[in-house]
Amino acid sequence: MVISVINNKGGTGKTTTSLNLSATLTNMGYRVLLIDLDSQSSATVALGRGDDNKSTIADILFCGLPASGAVCSSSENFDFIPGSIRLADADLVFADCPDRCNIFRNILSTIRDDYDYIICDCPPSLSTVFVNSLVASDFFIVPVTPEYLALQGFSNLMRTVNLVKKNVNNDIRLIGVLLTMVNPRFTRDRKITREIQELIKEEFGDSLFKTKIIRNVMQSEAPYKNKTIINYAPYSTGSREYLSLAKEIVSRIKEN
Ligand SMILES: Nc1ncnc2c1ncn2[C@@H]1O[C@H](COP(=O)(O)OP(=O)(O)O)[C@@H](O)[C@H]1O
Ligand SMILES: [Mg+2]
């Protein structure tokens with residue numbers, strides 16, 4: 001099962017969700033691989049592996065290294081494939097490649113069966129790497145912050161998703177839209193969250209996850225300790241929220 005965590009806007013919680021979901025699914029007993037597809041490599045840095053990687057996703061995509069050749073084990077017990085700044089070159093490197101949308105799908109086919117869940121942390125763009133991730137995926141999740149501007153690029157995102165669906169990967173399905181960094185403290189924040197929730201429901205019906213991720217300083221501390229919230233603060237609200245999200249995802253996938 002391959003799941004892309006997507007949003008072309010930066011700072012919506014894609015990396016945090018990818019990391020915490022991977023750690024939670026691992027704790028639930030699933031075999032998990034996290035792939036860092038962002039040239040900024042935030043997930044790799046958060047796992048404390050920013051600069052000591054012999055092989056990265058770039059070696060797999062650009063140099064023909066077999067996928068298994070770049071798989072590392074993380075401190076969090078799930079496998080992962082490190083990101084690389086070289087991913088920023090992908091649009092140019094693949095410009096003349098006729099089958100450029102299928103590169104990642106073909107590569108993943110060699111290791112898909114080794115894992116229950118492969119989580120792809122996508123870049124904040126509608127780039128070739130993003131399209132490759134969608135083409136290789138069975139499902140996708142969209143983390144969204146409760147701000148009016150957060151929904152602005154949404155129509156472009158869904159346009160690309162629908163193009164991929166129509167032309168290359170008919171089978172990809174939305175598991176859900178996830179509200180992240182929700183601030184429940186102030187009346188104004190609660191009002192915006194409610195309004196964004198309504199807008200998402202209008203557009204996507206029941207796809208909005210029941211679980212919401214509350215803004216919590218521990219979520220931003222954890223990466224600096226090279227840990228996910230699940231291991232940094234196992235009894236925190238954030239840990240419980242990601243456990244609840246993982247359970248929702250597992251059950252939605254089973255229903256599909
Ligand atoms: N629930 C949360 N509460 C507080 N800070 C958060 C939360 N989720 C993410 N963050 C922080 O917000 C920033 C952006 O999150 P990130 O997951 O990197 O977004 P993206 O991958 O979409 O760019 C990071 O510094 C992260 O630690
Ligand atoms: Mg990110």
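**A chat about ligand 1 and helix α11**

Q: What's the distance between a polar side-chain atom of Thr16 and an oxygen atom of ligand 1?
A: The two atoms are 2.6 Å apart. That fits the cut-off for a polar contact, a pair of N or O atoms within 3.5 Å; within protein, one must be able to donate a hydrogen and the other to accept it, and residues adjacent in sequence count only if both atoms are side-chain atoms.

Q: Before we go on, what kind of model is this?
A: This is a predicted model, where local features need pLDDT of at least 70, side-chain atom pairs count only at pLDDT 80 or more, and totals for chains, interfaces and linings use all residues; side-chain values use heavy atoms, without hydrogens and water. Residues are numbered from 1 along each chain as its sequence is written, while chains are lettered from A and ligands numbered from 1 in the order in which they are written.

Q: Cool. How many residues surround ligand 1?
A: There are 14, and the closest are Gly11, Lys14, Thr15, Thr16 and Asn216. To count, a residue needs a heavy atom within 4 Å of the ligand.

Q: And what do Gly11 and Thr15 do there?
A: A polar backbone atom of Gly11 is 2.7 Å from an oxygen atom of ligand 1. For Thr15, an N or O atom of the side chain is 2.8 Å from a ligand oxygen.

Q: How much of ligand 1 does the protein cover?
A: On its own, ligand 1 has 560 Å² of accessible area, and the protein covers 78% of that. Such areas come from the Shrake-Rupley method with a 1.4 Å probe; for residues, only the protein chains shown count as cover.

Q: Which element gives the most to the shell?
A: That's α1, with 3 residues. Helices here are DSSP runs (H or I, at least four residues), numbered from the N terminus.

Q: New topic: is Glu248 buried or exposed?
A: Glu248 sits in helix α11 and is buried, because its relative accessible area is 14%. Buried means under 20%, exposed over 50%, and partly exposed in between (1.4 Å probe, protein chains only).

Q: What does the Glu248 side chain touch?
A: A polar contact of 2.6 Å joins it to the side chain of Thr211.

Q: And where does Lys210 fit in?
A: Lys210 is in the loop between α8 (187–204) and α9, and counts as exposed at 71% relative accessibility. Lys210 and Glu248 are 38 residues apart in sequence, with their C-alpha atoms 8.0 Å apart in space.

Q: What about Arg252?
A: Arg252 is also found in α11, which spans residues 237–255. Its side chain reaches the backbone oxygen of Ile175 at 2.8 Å.

Technical notes
Helix = DSSP H or I, 4+ residues; strand = E, 2+ residues; numbered from the N terminus.
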